[in-house]
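Thank you all for coming, and please have the sequence and the structure open while I talk. I will go slowly from one part to the next, and you are welcome to follow each residue on your own screen.

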Amino acid sequence: MQSVRVAVVGAGVVGLSTAMCIAESIPHCSLTVLAEHFSPNTTSDVAAGILCASLFPDIPVERQKRWFKDTFDNLLAISESSEAAEAGVFLLSGWQIFREIPGEKRPFWSEDVLGFRFMTGAELKRFPQHKAGYAFTTIKCECLTYLPWLQKRLRKAGVQFQSEKVTDFSQLCQHYDIIVNCSGLGSATLAGDKKLYPVRGQILKVQAPWLKNFIRDGDGLTYIYPGLDSVTLGGTRQADDWRLTSDARESMGIFDRCCSLEPSLKKSLKLNEWVGLRPSRKNLRLEKELFRLQNRQVPIVHNYGHGGWGVSLSWGTALETMRLVQQCIHERPLISRL
């Protein structure tokens with residue numbers, strides 16, 4: 001069978017996961033990952049990387065449950081393998097707490113994480129300002145480690161990497177048979193998507209090796225996530241804010257909020273600050289379309305707009321994208337006659 005030339009645009013966790021799914025499932029494929037930035041300079045490198053999620057309003061719940069489950073199962077398998085340390089993927093237990101009793105009885109992902117249950121009254125005494133909470137074990141995925149590990153696997157699979165800022169799909173149409181768009185926030189210009197906008201997130205890294213459990217406030221703004229070498233404290237959620245520099249006042253607010261949940265943090269050593277722009281839209285975009293350039297038509301599969309859930313949905317949306325790429329390959333004779 002003739003090799004199909006596929007370009008994946010974007011090298012964050014969504015782009016590399018998608019490239020990996022394609023490389024593993026479509027062997028007759030010549031695959032290239034193109035991006036302006038690679039790890040450690042992607043938005044994904046700033047991600048806290050803990051698996052949980054909230055629903056997109058207009059996407060069927062079952063589809064979103066499948067995305068989350070596929071991602072959790074894949075990362076769980078890595079965490080149980082000999083590759084876990086090199087990949088930066090491990091299990092982490094903790095609590096998600098609420099100041100008011102949440103309207104939903106159980107989040108849609110509750111069946112996929114491990115040991116999900118409602119917190120006891122004794123456990124909630126530790127958080128006197130909160131009325132309810134969940135206890136569960138989930139996955140922590142450290143993208144500063146995970147992304148280079150994925151790149152290493154992709155190179156072993158024969159995938160090529162190219163440092164290039166793609167500003168127009170016509171740049172690629174003469175060189176590739178199928179384009180996969182995982183450009184995140186870049187799709188605002190690349191795909192002309194006016195529904196896409198940045199949500200700025202600022203985090204702190206501190207050294208507090210005595211902390212072993214995560215704490216996540218129900219609003220998602222305040223969280224404490226222990227990692228391999230540091231603890232991530234967050235955060236902010238500022239829509240349409242393009243600032244990439246850290247704000248000292250916001251850092252102080254993050255630290256104070258986290259200390260109110262975990263007073264021992266007052267003795268932690270502050271390491272550094274990170275800022276990232278989440279690629280957000282009302283609903284994640286995962287679909288295919290045809291791009292027309294003169295007498296040539298090239299299928300494009302879009303996979304972007306994950307917002308703050310890029311890590312949590314990365315493998316699930318990558319698998320669905322891979323299946324759309326397979327459809328495009330099967331439709332190629334028809335497309336060439338159009």
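I will talk about a pocket, a helix, a few unusual spots in the backbone, some charged pairs, and finally two distances.

Before anything else, please keep in mind that this is a predicted model, and that residues are counted from 1 along the chain.

Let me begin with the pocket. Rolling a probe the size of a water molecule over the atoms shows where empty space is left. The second largest pocket holds about 250 Å³ of space, and its lining is made up of 19 residues. Which residues lie nearest the centre of this pocket? They are Glu142, Leu144, Lys205, Ser230 and Thr232. Helix H5, which covers residues 143-156, strand S10, at 223-226, and strand S13, at 269-280, are the elements that each give two or more residues to this lining. If we sort the lining residues by character, nine are nonpolar, five are polar and five are charged.

Two of the residues nearest the centre deserve another look, starting with Lys205, which belongs to strand S8, residues 197-207. Is Lys205 buried or exposed? Lys205 has a relative accessible area of 17%, and because buried means under 20%, Lys205 counts as buried. The other one is Glu142, which makes a salt bridge with Lys140, where the closest N and O atoms are 3.2 Å apart, and both Glu142 and Lys140 are buried.

That brings us to charged pairs in general. Side chains of opposite charge can pair when their charged atoms come close. The model has a count of 21 salt bridges, and I will show you two others besides the one in the pocket. In helix H2, Lys69 and Asp73 sit four residues apart, about one turn of the helix, and their side chains meet in a salt bridge at 3.0 Å, N to O. An α-helix has 3.6 residues a turn, so residues three or four places apart point the same way. Lys69 is partly exposed, with a relative accessible area of 39%, and Asp73 is also partly exposed, at 33%.

The other example pairs Arg285 with Glu289, whose closest N and O atoms are 4.0 Å apart. Here Arg285 counts as buried at 13% relative accessibility, whereas Glu289 is partly exposed at 34%. Elsewhere, salt bridges that share partners link Arg200, Asp241, Arg243, Asp247 and Glu250 into one network.

Two members of that network lead us to helix H8, which runs over residues 248-261. H8 has 14 residues and spans 20 Å from its first C-alpha to its last, close to the 20 Å expected at 1.5 Å a residue. What caps the N-terminal end of H8? Asp247 does, with a side-chain oxygen 2.8 Å from the backbone nitrogen of Arg249. Within the helix, Glu250 is buried, and so are Ser251, Ile254, Phe255, Cys258, Cys259 and Leu261.

Now for the backbone, where I would like you to find three places. The peptide bond from Ser39 to Pro40 is cis, with omega near 15°, and Pro40 sits in the loop between strand S2, at 29-35, and helix H2, at 61-79. A cis peptide bond also joins Gly234 to Gly235, with omega about -5°, and Gly235 is in the loop between strand S11, at 231-234, and strand S12, at 238-239. Then there is Asp240, which has a positive phi of about 60° although it is not a glycine. Asp240 lies in the loop between S12 and H8, and Asp240 is exposed, with a relative accessible area of 54%.

Let me finish with helix H9, residues 310-337, and with the two distances. Thr321 lies in H9 and is buried, with a relative accessible area of 0%; a polar atom of its side chain is 2.8 Å from the backbone oxygen of Thr317. His330 is also placed in H9, but His330 is exposed at 66%. From His330 to Leu261 there are 69 residues in sequence and 54 Å in space, C-alpha to C-alpha. For Lys205, which we met in the pocket, the partner is Asn303, 98 residues apart in sequence and 30 Å apart in space, again C-alpha to C-alpha.

Note on methods:
This is a predicted model: local features need pLDDT of at least 70, side-chain atom pairs count only at pLDDT 80 or more; totals for chains, interfaces and linings use all residues. Side-chain values use heavy atoms; hydrogens and water are left out. On a 1 Å grid over the protein atoms alone, a cavity is a set of points where a 1.4 Å probe fits but cannot get out, and a pocket is an open set with protein on both sides within 12 Å along at least five of seven lines; lining residues have an atom within 4 Å of a point. Grid points are joined across faces, edges and corners, and a volume is the space filled by probe spheres set on the points. Ala, Val, Leu, Ile, Met, Phe, Trp, Tyr, Cys and Pro count as nonpolar, Asp, Glu, Lys and Arg as charged, and the others, Gly among them, as polar. The expected span of a helix is 1.5 Å times one less than its number of residues. Buried means under 20% relative accessible area, exposed over 50%, partly exposed in between (1.4 Å probe, protein chains only). A polar contact is a pair of N or O atoms within 3.5 Å; within protein, one must be able to donate a hydrogen and the other to accept it, and residues adjacent in sequence count only if both atoms are side-chain atoms.
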